[in-house]
Amino acid sequence: MKNIKFPTPHTILLLIAGLVAVLTWFIPAGKFDTLKYQEAGNSFVYKHLEEEKTMPANQETLEGLGIKIPLEKFTNGDIAKPISVPGTYTQLDPKPQGFLDFFKSPIKGIIQSSDIILFVLILGGIIGIMNFTGAFDAGIAWLAKTMKGKEYWLIFVVTTLIAAGGTTFGLAEETIAFYPILIPIFLAAKYDAIVALACVYIGSSIGTMCSTVNPFSVIIASDAAGINWTTGFTGRLLMLIGGIIICVIYILRYANKVQKDPTKSIIYDQKEMIEGLFGSSTSNTHRLTGRLRIILTVFAMCFVIMIYGVSRLGWWFEEMTVVFLIGAILIGFLAKMKEENFVTTFIKGANDLLGVAFIIGIARGVSVLMEQGLISDTILQHASEFTTGMSKGIFTNVTLFIYSGLSFFIPSSSGMAVLTMPIMSPLADTVGVGREVIVNAYQYGMGLFAFINPTGLILASLAIVKVGYDKWLKFVIPLVIILTVFTMIALTVQVYL
């Protein structure tokens with residue numbers, strides 16, 4: 001048994017894709033009708049299976065379809081994607097996904113994820129350039145000396161700042177950029193790679209789980225539920241504060257154990273390998289010269305510009321990728337690299353993250369199988385039926401776990417919101433709770449499962465950090481249990497206050 005190794009992230013995702021393909025043979029195919037606002041002509045496009053018809057864009061149309069959402073949510077662009085129409089589920093002829101569909105799915109997933117994959121590869125390129133310049137080594141040596149005895153502040157600051165990004169503008173996929181930079185810093189502080197991973201991934205997860213003003217989750221979900229996004233804001237803010245405190249304490253307890261005794265590390269058997277990949281010399285082999293300070297400043301500004309662009313200018317992966325590409329070229333000039341050397345180093349750096357790029361594509365392929373097999377709406381229909389007749393306390397917590405389960409199949413927060421809110425939010429009216437309770441259950445349910453969701457970002461993050469999924473589960477499961485109990489108590493108190 002000792003010789004049996006846990007599968008790689010790529011194999012895990014292919015096994016999950018195979019499972020989903022098998023499920024399409026047993027779960028009935030079905031689909032809800034959809035409604036989409038069309039600015040040209042100021043009308044709605046109503047789609048039933050393959051048939052489309054145009055309807056006037058007014059409140060009467062929405063009310064006639066049982067959609068309790070203000071018209072302006074569509075006309076001002078808050079709801080841009082097609083939403084599901086409640087009560088229109090239609091069972092269809094089965095569309096089981098066969099052998100060929102299974103092998104096509106990762107290819108289709110890679111094509112559909114090309115924007116984020118290119119971002120990851122360009123990121124790998126700039127990391128390669130930075131490593132060549134020696135700026136990382138010099139900067140980390142300086143930081144390790146400066147923070148000696150105060151390393152715990154790293155955990156608090158990194159986790160809190162990334163959680164702030166998650167709760168405000170949905171900082172998630174972008175965090176992939178932080179791992180190669182932060183891991184050497186945490187290793188220099190005598191922590192292990194799991195501490196670095198935890199600060200970034202858990203920070204992002206708790207932030208997005210307790211989103212306060214995140215347009216990709218709470219705002220779009222509230223719009224699709226027909227309520228103002230400020231409804232329930234105070235409860236989400238308190239959840240965010242409580243969640244960050246729990247997560248920081250949890251990470252600190254583990255980090256302190258590792259710092260005092262490295263053998264307590266869950267990944268102690270990988271210590272030499274990870275330090276060989278990410279460990280930085282803390283000697284003065286690379287002195288922090290003026291040139292290296294400028295290079296580090298340019299590199300840091302890439303992140304500042306990226307975060308500003310995403311949060312304020314509506315940027316996405318195309319613009320973020322351009323920022324890091326320009327940054328790499330500027331750093332190459334500052335380091336006086338020869339053209340051939342620059343290109344070779346950049347490509348080698350991109351190659352180092354090629355495995356991560358494939359993981360992202362394969363994970364998207366799982367969603368492709370779900371979409372082609374037409375089983376997502378069937379699962380949603382049965383989930384909504386399951387909650388009928390429950391008391392409001394039980395209803396709220398069952399909805400929490402329903403959303404956790406659904407997020408395995410639909411890891412996109414905005415996709416989940418527009419697909420499920422028109423169906424699930426009216427159920428709140430039948431049990432006597434506010435629709436913001438459904439919005440909160442959606443956020444918390446997705447957020448809790450995001451800590452371990454193999455179809456989400458965790459496997460790609462683990463691939464960068466070189467940590468196995470089994471090791472991550474061993475570290476994070478106790479935290480997930482604590483947060484689940486905390487969340488259930490918070491939701492129950494909310495509905496009975």
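**Internal space and surface of a predicted model**

A search of the whole structure finds one cavity of 30 Å³ or more. The structure is a predicted model, and the description below moves from this enclosed space to an open pocket and then to the surface.

The largest cavity holds about 50 Å³ of space. Its lining is formed by Gly66, Ile67, Lys68, Ile69, Pro86, Ala224, Pro422, Ser425, Pro426 and Arg435. Helix α19, which spans residues 413-431, supplies the largest share of that lining, with three residues. By class, the residues around the largest cavity divide into six nonpolar, two polar and two charged. Lys68 and Arg435 are among the lining residues, and both count as charged because Lys and Arg belong to that class.

The second largest pocket encloses about 800 Å³ of space. It is lined by 26 residues, of which Phe178, Ile181, Leu182, Ile185 and Ala300 are the closest to the centre of the pocket. Four elements each give two or more residues to this lining: α6 (135-146), α7 (152-169), α8 (179-188) and α13 (290-312). Among these elements, α7 gives the most, with eight residues. The lining of the second largest pocket comprises 23 nonpolar residues, two polar residues and one charged residue.

Turning to the surface, a nonpolar patch of about 590 Å² is made by Ile477, Ile481, Val485, Ile489, Val493 and Leu497. Ile477 is part of helix α22, which covers residues 469-496. Is Ile477 buried, partly exposed or exposed? Ile477 counts as partly exposed because its relative accessibility is 33%, and the partly exposed class lies between the limits of 20% for buried and 50% for exposed. A residue enters a patch of this kind with over 30% relative accessible area, a cut-off that the 33% of Ile477 passes.

Ala193 provides a second case for the same classification. This residue lies in helix α9, which comprises residues 193-209. Ala193 has a relative accessibility of 2% and therefore counts as buried, since buried means under 20% relative accessible area. How far apart are the C-alpha atoms of Ala193 and Val368? A distance of 32 Å separates these two atoms, and the two residues are 175 residues apart along the chain.

Terms used. Residues numbered from 1 in each chain as written. Predicted model: local features only at pLDDT ≥ 70, side-chain atom pairs only at ≥ 80, totals over all residues. Heavy atoms only, no water. 1 Å grid on protein atoms, 1.4 Å probe; cavity = no way out; pocket = protein on both sides within 12 Å on 5 of 7 lines; lining within 4 Å. Points joined across faces, edges and corners; volume = space filled by probe spheres on them. Patch = residues over 30% accessible without salt bridge, like charges linked within 9 Å, V, L, I, M, F, W, Y side chains within 5 Å. Areas by Shrake-Rupley, 256 points an atom, 1.4 Å probe, with all protein chains shown as cover. Salt bridge = Lys/Arg side-chain N within 4 Å of Asp/Glu carboxyl O. Buried < 20%, exposed > 50% of the residue type's maximum accessible area, 1.4 Å probe, protein only.
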